[in-house]
Amino acid sequence: MRKKVTVVGAGNVGASVALRIADRELADVVTTDILEGIPQGKGLDILQAGPIVGSDAHIIGTNDYKDTANSDVVVVTAGFPRQPGMSRDDLLMKNYEVVKATTEKIVQYSPNCILILVTNPLDAMCQVALRASGFAKHRVIGMAGILDSARFRTFIAQELNVSVENVSAFVLGGHGDTMVPLVRYSHVAGIPLTELMDAATIARIVQRTRDGGAEIVKYLKTGSAYYAPSAAAVEMVEAILKDKKKILPCAAYLEGEYGIQGLFVGVPAKLGARGIEQIIEVKLTPEEQAALQKSASAVRELVEVIKV
Ligand code: APR
């Protein structure tokens, strides 16, 4: 049986997710949007790339949730992106309504799917989807850590003039200004980052990582990043569809892990066919733990505003 992935929201991130999945023949794809014609047009366009890139993935665009039925994975990108000067948190109320409504529709037709959230503010939107779906916690996962880590890895590779493939790094915490790039667990071909760069350079790169999304919004002016975000979401889709048991930084609902209770926060998680199959708890220094707690508090503030 072919796998089926629905992408909710056929905007910049959603269409890029659909394209990447179709290009790599990971699954058949359904894109849906509130706008009439947009998912249909983009779907047809991506389908017609099939003969060129050698993909037989089926892809359709629709405004009818019936067409999304029995999806294995659903990626939610519906909502509004940032404009210059906005933080991700400024999107809270508008995107809350969108994520709640779309999740309710999705689970009606795909009660067994795994939900991957991309809409910002990410960690709070995961909580909205968890409540609206009624799913078990391992089936609702947020995309942020892979993207934040990829930004961190990019800047490290640039600074050292080495392949990005040599750089392993990860970022914990919420997808916001308080995210926690973990320098101690970052390395280049197995060599700790601290052996290769001085503290001031590392601090500069950490700050650029935190501001990575805003840097792009400033250039684009009319929206936010989508190439790297879509690549990150598709890495999660692939890990689930292929049951890879891949450890990736994801927003996961914590119930005591890292001392955090009842909240989505970015942590290393093992992704496989069941969704989050394990949360990996690494030892943190008191400073790292404090930074993670601060990040979790920022997420909690948002969740309390929308009372989910
Ligand atoms: N149902 C379905 N689609 C919706 C709904 C809804 N209720 N409301 C909005 N949409 C659609 C819009 O019509 C639009 O096509 O979501 C799409 C969003 O696309 P863009 O505006 O291009 O935004 P994008 O850059 O894709 O970002 C989407 O992902 O990274 C996050 O912060 C970003 O929250 C934002 C989301």
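**Close-up views of a predicted model**

**View 1. A hairpin joins β11 to β12 through two residues.** In this predicted model, strand β11 spans residues 261–272 and strand β12 spans residues 275–279, and the two strands run antiparallel, joined by four bridges. At the hairpin, Gly272 stands opposite Gly275, the latter belonging to β12.

**View 2. The ligand sits in the largest pocket of the predicted model.** There are 19 residues around the ligand, and those that come nearest are Asn12, Val13, Asp33, Thr77 and Asn120. Sorted by class, the shell around the ligand consists of eight nonpolar residues, ten polar residues and one charged residue. Two helices, α1 (12–23) and α4 (92–109), each supply at least two residues of this shell, and the largest share, three residues, comes from α4.

**View 3. Polar contacts to the ligand involve Val13, Asp33 and Ile34.** Val13 places a backbone N or O atom 2.8 Å from an oxygen atom of the ligand, whereas Asp33 contributes a polar side-chain atom, which lies 2.6 Å from an oxygen atom of the ligand. For Ile34 the contact is again made by the backbone, with one of its polar backbone atoms 3.3 Å from a nitrogen atom of the ligand. Taken alone, the ligand exposes 730 Å², and 86% of that area is buried by the protein.

**View 4. Three strands form an open sheet in the order β7-β8-β9, with antiparallel pairing.** The edge strands of this sheet are β7 and β9, each of which pairs on one side only. Strand β7 (residues 167–172) pairs with strand β8 (residues 180–188) over five bridges in the antiparallel sense. Within this pairing, Phe170 stands opposite Leu182 of β8, and Val167 has Val188, also in β8, as its bridge partner. In a regular strand, side chains alternate between the two faces of the sheet.

**View 5. The hairpin of β8 and β9 has two residues between the strands.** Strand β9 comprises residues 191–192 and runs antiparallel to β8, to which it is joined by two bridges. One bridge partnership links His187 with Pro192, the latter lying in β9. Within the hairpin, Ala189 takes a positive phi, near 50°.

**View 6. The peptide bond from Asn120 to Pro121 is cis.** Its omega is near 0° in the model, and Pro121 itself lies in the loop between strand β5 (114–117) and helix α5 (122–133). The residue on the other side of this bond, Asn120, is also among the residues that come nearest to the ligand, so that the view may be read together with the legends on the ligand shell.

**View 7. Asp243 has a positive phi in the loop between α10 and β10.** The phi value of Asp243 is near 50°, which is positive although the residue is other than glycine. The loop that holds Asp243 follows from the placement of its neighbours, with helix α10 covering residues 227–241 and strand β10 covering residues 246–255.

Key: Residues numbered from 1 in each chain as written. Predicted model: local features only at pLDDT ≥ 70, side-chain atom pairs only at ≥ 80, totals over all residues. Heavy atoms only, no water. Pairing = 2+ DSSP bridges. Near = heavy atom within 4 Å. Polar contact = N/O pair within 3.5 Å; in protein donor to acceptor, adjacent residues only side chain to side chain. Areas by Shrake-Rupley, 256 points an atom, 1.4 Å probe, with all protein chains shown as cover. 1 Å grid on protein atoms, 1.4 Å probe; cavity = no way out; pocket = protein on both sides within 12 Å on 5 of 7 lines; lining within 4 Å. Sits in = over half its atoms within 2 Å of the grid points. Nonpolar A, V, L, I, M, F, W, Y, C, P; charged D, E, K, R; others polar.
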